[in-house]
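Please look over the model below before reading on. My notes on its ligand site and its sheet come after it.

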Amino acid sequence: MKLLENYIQQFGTVLSDGVLKVDTFLNHGIDPKLMVEIGKEFAERFKKDNVTKIVTLESSGIAPALMTALSLDCEIVFARKRKSLTMIDHLYSANVYSFTKQQSSEISISKDLISGSDNILIIDDFLANGQAALGLIDIVNQSGASVAGIGIVIEKSFQPGRENLEKNGYRVESLARISSLEENKVSFVQDTTENYTFKH
Ligand code: G4P
């Protein structure tokens with residue numbers, strides 16, 4: 001997605017060879033116009049998949065997921081990293097290990113919010129090692145719902161997230177695919193605007 005690549009080049013900061021800071025439009029500040037376009041692009045890529053619900057993870061997944069839900073005219077639910085006062089039991093939960101943060105956390109969604117008849121599109125802001133997406137897939141599987149695919153705003157293609165998801169049979173659509181952050185420079189995988197053909 002050219003617009004997103006332009007945002008990354010213009011407003012992103014390379015913090016190290018492995019980490020890109022995009023706090024002005026995705027992870028802290030949120031750019032509404034960009035989010036609308038992101039929603040439209042995900043909707044275009046998944047419009048034939050009969051998606052009934054979008055599942056994401058708080059907090060940075062919510063904005064792109066919400067805009068996608070609006071474009072696809074479907075429901076949205078976000079997994080919580082901390083249980084709220086009202087989330088006492090009746091939950092689907094999964095453990096997510098973050099290699100970046102070197103810690104595990106439990107994510108949860110109420111059993112009332114996903115049903116076995118749902119066809120779920122998982123949306124997240126970053127794909128690094130794929131652990132967050134695998135945790136969300138675990139929760140969807142517990143509910144008996146099916147996974148239509150995984151939509152990622154920014155994929156770090158030099159990390160194994162895509163491979164970890166595809167080897168488990170899941171389709172991954174990423175709007176920007178970063179091939180390298182070396183030498184303080186963002187490089188993209190060629191043809192990120194194309195739809196990738198998913199092969200089993
Ligand atoms: P994984 O799920 O793909 O395995 O990723 P990982 O554990 O490595 O990432 C943990 C957190 O760090 C996630 O956010 C993820 O989105 C974020 N992250 C990973 N790589 C980058 C990067 O290069 N740049 C930025 N800006 N974020 C990155 P989180 O803790 O869930 O944060 P939030 O959603 O509450 O904002």
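The points below take the ligand first, then the sheet and two backbone details.

1. Basis. This is a predicted model, in which local features need pLDDT of at least 70 and side-chain atom pairs count only at pLDDT 80 or more, while totals for chains, interfaces and linings use all residues. Residues are numbered from 1 along each chain as its sequence is written, and side-chain values use heavy atoms, with hydrogens and water left out.

2. The shell. The ligand has 21 residues around it; to count as near, a residue needs a heavy atom within 4 Å. L20, S60, K81, T100 and K101 come nearest. By class, 7 are nonpolar, 9 polar and 5 charged. Here Asp, Glu, Lys and Arg are charged; Ala, Val, Leu, Ile, Met, Phe, Trp, Tyr, Cys and Pro are nonpolar; the others, Gly among them, are polar.

3. Where the shell comes from. β7 (119–127) and α4 (131–143) each give at least two shell residues. The largest share, 3 residues, belongs to β7. Helices (H or I, at least four residues) and strands (E, at least two) are DSSP runs, numbered from the N terminus.

4. Polar contacts. These are pairs of N or O atoms within 3.5 Å. A backbone N or O atom of L20 is 2.6 Å from a ligand nitrogen. For G130, a backbone N or O atom lies 2.8 Å from a ligand oxygen. A polar backbone atom of Q131 is 2.9 Å from an oxygen atom of the ligand. On its own the ligand has 720 Å² of accessible area, and the protein covers 85% of it. Such areas come from the Shrake-Rupley method with a 1.4 Å probe.

5. The sheet. How are the 6 strands ordered? The open sheet runs β4-β3-β7-β8-β9-β10, with mixed pairing. β4 (75–79) and β10 (187–188) stand at the edges with a single partner strand each, so one side of each has no neighbour in the sheet. Two strands pair if DSSP finds at least two bridges between them.

6. One pair up close. β3 (residues 53–57) and β4 pair in the parallel sense over 5 bridges. I54 has I76 in β4 as its bridge partner.

7. Backbone details. E58 and S59 are joined by a cis peptide bond, with omega about 0°. S59 is in the loop between β3 and α3 (62–72). N50 is not a glycine, yet has a positive phi of about 50°. N50 lies in the loop between α2 (32–46) and β3.

Key: A polar contact is a pair of N or O atoms within 3.5 Å; within protein, one must be able to donate a hydrogen and the other to accept it, and residues adjacent in sequence count only if both atoms are side-chain atoms.
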